[in-house]
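Student: I have a two-chain model open on my screen and would like to learn how to read it. Could you take me through it feature by feature?

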Amino acid sequence: MGLDVRPAPGRRRAKVPAPPPSRPTWRGRLARLDMKVSPYLLISPFYAVFLVFGAFPLGYTLWVSLHDWELASGLRQWLGLQNYRELLADEAFWNSVVNTLGMFALSTVPQLLLALLAANALNRRMRGGLLFRMGMIAPLVTSTAAVAIVFTQLYAHDYGMVNWLLGLVGVDPIDWQADRYWSWVAVSSMVDWRWTGYNALIYLAAMQAIPRDLYEAAAIDGASRRRQFWQITVPMLRPTIIFTVIISTIGGLQLFTEPVLYGSGEMNGGPVGQYQTVAMYMFEHSFRGDDYGYGAAVAWVLFLMIIVFSLLNFLFIRRMGGTR
Amino acid sequence: MTAPAPFNVRRAGRFRGLWEASPLTYLTLVIALVLSVFPIYWMLVVATRTNEIVSDVPPPVTPGTHFGENVERLFANPDAFFATGLVNSAIAASVITISTVFFASLAGFAFAKLRFRGRNALLLTIIATMMIPVQMGVIPLYLIMIKLGWNGELQSIIVPFLVTGFGVFMMRQYAASAVPDELIEAARVDGCSTFRIYWSVVLPALRPAAGVLGLFTFMQTWNEFMWPLAVLEPDNPTVQLSIKQLANAHFQDYTLMFAGTAVATLPLLVVFIVFSRQIIGGIMEGAIKA
């Protein structure tokens, strides 16, 4: 399309008057109909898919969660809030909540801090910038399941590379499966590995938008690079940091694929559920245990958790920068 | 959307030292690079070896020569249905990518450039849908699939994801700035219908954003795990489920598993290497919510 074919719209429109309303032509009526109806036609595919497979399921989850709902027996019995009452008294559920929050913290905090450092490094003038960026974003394009398998093997107790490396510096082998906290570290490291580069690029884009005069003025005043980083870069990045924290919260609380494959594809999250997440708990009860009502209740509680934690993190980050 | 500002060379003179990468910077980046790439490299190393190396100390760090053999065993494995998995994943990811780009750009164009009643309210609902976690809907979605008789069938992992709110929103943002109103006006005056305008004026202008959306949609669909696990059966899997099946075996055959992960990852790696500039650009423009 050459831009030269573009006429000045105002003048052109003046030369072509609208057809008189008394004699609407077939063409004119069609064009008017097109203007009126087409926008709705264009957006309708999205709404069709969304209403059937997005909005309806959301409400339906609530409905199912108020029932004793089994597929094999066809049982469908109204329970009211019974599922929720049971859930709140269910130790295995709370165990999964604690696991999820623990792994969420272990995967989000280092991830975002490392991403900040990496972005700060990438923001310098250097050779091979594209290569570094490519390398750091490469984890994002690997399949989550594949990576989980690779990491699980790296963390193997007897012949895993991580324990071998630790052995080189004199550390005894760690049981990355049976020990609850170490298993969290292992699973979280997969998440960290995958998302650090992605967040680094987002921070880098935001850093490049910070006016350079700020740094130059600070340099004249004798502020060190480290000081510039904490006093200029980080405060200026606050909106971006809030964005990444919210995205990580939504993703982190739904953690599923990595811990499932860390447990060889089982839903129990280790023999004593040491790394079972809420999403796994939901899956175990519904799809494996044929208790869809209970599973749906877990799904709703998870949804509420995500909303609450997103809000808390939002307020926390905003507060933190606000004391400047 | 903020475009990344290029380094300002003119001003660099006096404050050159302020922006020059120090050796420490390079060291940080090299470590980050090694950590990022090593697990992928390790995947290839194990996939090309035999099972004896699993207990080797120190572990081998160079690729071997047994990749072909491992891939053969992979496709012959009776539990994984690996070939079926690959084909299913390829079909699902391709169909969803094409339809997402098409429907999202249609709707994005309408929201950005056409005037109609309820436009802002409808756009708000789209933004709201972006906040809803996928897992919320898995159980009822499964119940719907059973009603339709689609459980276990390939369409169950395709139809619900034909277009996403995120895609619509992304295309709207891009269309708002990339398509001049005058161009649309001109086409209208020339007697083009709305769809014709979309097809010959808007879609060509949206090509860069459509490409990025397509890439990310493909990768996301290819990697999808929970929903296929819920709705498909082991004998008609996606490639990710095939991998899970290998990991689930009583005897953990590492080279087999790693060959599986390598074959499942290679298509994405190829896409990545070919389009890395666009992917990096897409993330940096804030266009991507992966």
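Student: Which residues of chain A does UniProt list for the domain "ABC transmembrane type-1"?

Tutor: Residues 97-313 of chain A, according to the UniProt record, which is an unreviewed entry. Please keep in mind that the model itself is predicted. Over that stretch the chain is 75% helix and 0% strand, and its end C-alpha atoms lie 17 Å apart.

Student: How many helices and strands does chain A have?

Tutor: There are 14 helices and two strands in chain A. For overall dimensions, look at the C-alpha trace: along its principal axes it spans about 90 × 75 × 40 Å. You can also set the radius of gyration against that of a compact globule. For 324 residues such a globule would come out near 20 Å, but chain A has 27 Å. Buried residues make up 41% of chain A, and 68% of its contacts with a separation of 6 or more join residues 24 or more positions apart.

Student: What pattern does chain B follow along its sequence?

Tutor: Helix after helix: α-α-α-α-α-α-α-α-α-α-α-α-α. That is 13 helices and zero strands. The C-alpha trace of chain B spans about 70 × 70 × 30 Å along its principal axes. Of its 290 residues, 44% count as buried. Residues 24 or more positions apart account for 76% of the chain B contacts with a separation of 6 or more.

Student: Now the interface. How many residues of each chain are in contact with the other?

Tutor: The size of an interface is often given as the accessible area lost when the parts come together. Here we can count residues instead: 84 residues of chain A are in contact with 86 residues of chain B. On the chain A side, helix α2 (residues 26-65) gives the most, with 17 residues. That side divides into 59 nonpolar, 16 polar and nine charged residues.

Student: Let me zoom in on one helix of chain B. How far does helix α7 of chain B reach from its first C-alpha to its last?

Tutor: Helix α7 (residues 165-178) of chain B has 14 residues and reaches 20 Å, close to the 20 Å expected at 1.5 Å a residue.

Student: Is α7(B) mostly covered or mostly open?

Tutor: Mostly covered, with ten of its 14 residues buried. Among them are F166(B), F169(B), R172(B) and Y174(B). The cover includes α2 of chain A, as well as α4, α5, α9 and α10 of chain B.

Student: Can we look at one residue of a covering helix? Why does I127(B) count as partly exposed?

Tutor: To judge burial, count the C-beta neighbours around a residue. I127(B) counts as partly exposed because it has 13 of them inside 10 Å. This residue sits in helix α5 of chain B. Although 42 residues separate I127(B) from F169(B) in sequence, their C-alpha atoms are 7.1 Å apart in space.

Student: Last topic, confidence. Which elements of chain B have the lowest and the highest mean pLDDT?

Tutor: Helix α1 (residues 16-19) of chain B has the lowest, 68, and helix α4 (residues 82-113) of chain B the highest, 95. For chain B as a whole the mean is 86, and 91% of its residues reach 70 or more. The model scores ipTM 0.86 and pTM 0.87.

Student: Where in chain B does pLDDT stay under 50?

Tutor: Over residues 1-12 of chain B, for which the model has 14 contacts beyond four places in sequence. Where pLDDT is low, the predicted coordinates should not be read in detail.

Conventions: Residues numbered from 1 in each chain as written. Chains lettered and ligands numbered in written order. Predicted model: local features only at pLDDT ≥ 70, side-chain atom pairs only at ≥ 80, totals over all residues. UniProt positions renumbered as here; feature names shortened; annotations may be inferred. Helix = DSSP H or I, 4+ residues; strand = E, 2+ residues; numbered from the N terminus. Buried ≥ 20, exposed ≤ 12 C-beta atoms within 10 Å, placed from the backbone. Contact = placed C-beta atoms within 7 Å. Nonpolar A, V, L, I, M, F, W, Y, C, P; charged D, E, K, R; others polar. pLDDT = per-residue confidence, 0-100. Expected span 1.5 Å × (residues − 1). Rg over C-alpha atoms; globule rule 2.2 N^0.38 Å.
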